[in-house]
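Work through the exercises below with the structure at hand. Try each task before reading its solution.

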Amino acid sequence: MSIRCFLAMSVLLAGVTTFALPVRVVPDPERDLACVIASRIDLGGLDLWGERILTVGQPNACDRRDRAVIRFDLRPFLEAGKVTEARLKLDYAPLGFSDTRRLELSRFTTELGELNLYCGFLYVTEAPREWLVDGAAGAGTLELDMTGEVNAALEKGCGSIAFRIRDCRADAEGNPGSVVRVVRLPVNGIRLEVAAEEK
């Protein structure tokens, strides 16, 4: 047995803190996901293009300016010790544009109750992360380190963390050409991978 293996086993047997493998946290489609526009909210997203998705931008010829709201359950980690890593991963597919769209992903500063219209526009969020989507490059996966944000939520005693995503250009310009320009987020491609210390 190598010295490294022997030391690792000794640490485990001594009951010292160990590190768990990442846990994949996925939202409840009926409670934790929504497309929000000024006049309505679609819990669980929309059935479009043959799949269940969240939409950001203009999914049809109307001036919708869709925003996506995503929430993750953090209750399993409240007593598990400090989170050592949390990575947000979002599969996405652009449709209707070949240039670059600037999206913003921001975290809500308070814990959300039931998702509603106010989540899309009025609730306070932190300074957003910029997300550039190249329409010509096609589908991809966004991956962001959210370790600090998750630990900040847990330190407040929050049992969940939620994010809002918006298309800055759609918000500013509307849809003057009455065309589809949207970023699609398949519901089954939304996840938060969390690794935490075990006591």
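The exercises that follow concern a predicted model and deal with aromatic rings, a pocket and salt bridges.

**Exercise 1. Aromatic pairs**

Find how many aromatic pairs the whole structure holds, and classify the pair of Phe72 and Phe163 by the angle of its planes.

Solution.
- Step 1: The search of the whole structure gives 2 aromatic pairs.
- Step 2: In the pair of Phe72 and Phe163, the ring centres are 6.4 Å apart and the planes stand at 65°. Planes over 60 degrees apart count as edge-to-face, so this pair is edge-to-face.
- Step 3: Phe72 belongs to strand β7 (residues 67-73) and Phe163 to strand β12 (residues 160-167), so the pair ties together parts 91 residues apart in sequence.
- Step 4: Phe72 and Phe163 are both buried.
- Step 5: Tyr92 and Trp131 also form an edge-to-face pair, with 5.3 Å from centre to centre and 80° between the planes. Tyr92 is in strand β8 (residues 83-95) and Trp131 in strand β10 (residues 129-134), 39 residues apart. Tyr92 and Trp131 are buried.

**Exercise 2. The largest pocket**

State the volume of the largest pocket and describe its lining by class.

Solution.
- Step 1: The largest pocket holds about 160 Å³ of space.
- Step 2: Its lining residues include Asp28, Arg31, Arg71, Phe72, Asp73, Arg75 and Glu111.
- Step 3: Sorted by class, the lining has 7 charged, 2 polar and 2 nonpolar residues.
- Step 4: Strand β7 contributes the most to this lining, with 3 residues.

**Exercise 3. Salt bridges**

Which of Arg75 and Asp73 is exposed, and which is partly exposed? Then follow the salt bridges of Arg102 and Arg166 to their network.

Solution.
- Step 1: The count for the structure is 23 salt bridges. One of them joins the side chains of Arg75 and Asp73, at 2.8 Å from N to O.
- Step 2: Arg75 has a relative accessible area of 56% and is exposed, while Asp73, at 28%, is partly exposed.
- Step 3: Arg102 bridges to Glu130, with the closest N and O atoms 3.8 Å apart. Arg102 lies in strand β9 (residues 100-107) and Glu130 in strand β10, so the pair ties together parts 28 residues apart in sequence.
- Step 4: Arg102 is partly exposed at 36% relative accessibility, and Glu130 is exposed at 52%.
- Step 5: Arg166 and Asp171 meet in a salt bridge of 2.7 Å, N to O. Arg166 is partly exposed at 23%, whereas Asp171 is buried at 17%.
- Step 6: Through shared partners, salt bridges join Arg67, Arg102, Glu104, Glu130, Arg166 and Asp171 into one network.

Note on methods
Residues are numbered from 1 along each chain as its sequence is written. This is a predicted model: local features need pLDDT of at least 70, side-chain atom pairs count only at pLDDT 80 or more; totals for chains, interfaces and linings use all residues. Side-chain values use heavy atoms; hydrogens and water are left out. Rings of Phe, Tyr and Trp (its six-membered ring) pair if their centres lie within 6.5 Å; planes under 30 degrees apart count as stacked, over 60 as edge-to-face and the rest as tilted. Helices (H or I, at least four residues) and strands (E, at least two) are DSSP runs, numbered from the N terminus. Buried means under 20% relative accessible area, exposed over 50%, partly exposed in between (1.4 Å probe, protein chains only). On a 1 Å grid over the protein atoms alone, a cavity is a set of points where a 1.4 Å probe fits but cannot get out, and a pocket is an open set with protein on both sides within 12 Å along at least five of seven lines; lining residues have an atom within 4 Å of a point. Grid points are joined across faces, edges and corners, and a volume is the space filled by probe spheres set on the points. Ala, Val, Leu, Ile, Met, Phe, Trp, Tyr, Cys and Pro count as nonpolar, Asp, Glu, Lys and Arg as charged, and the others, Gly among them, as polar. A salt bridge is a side-chain nitrogen of Lys or Arg within 4 Å of a carboxyl oxygen of Asp or Glu.
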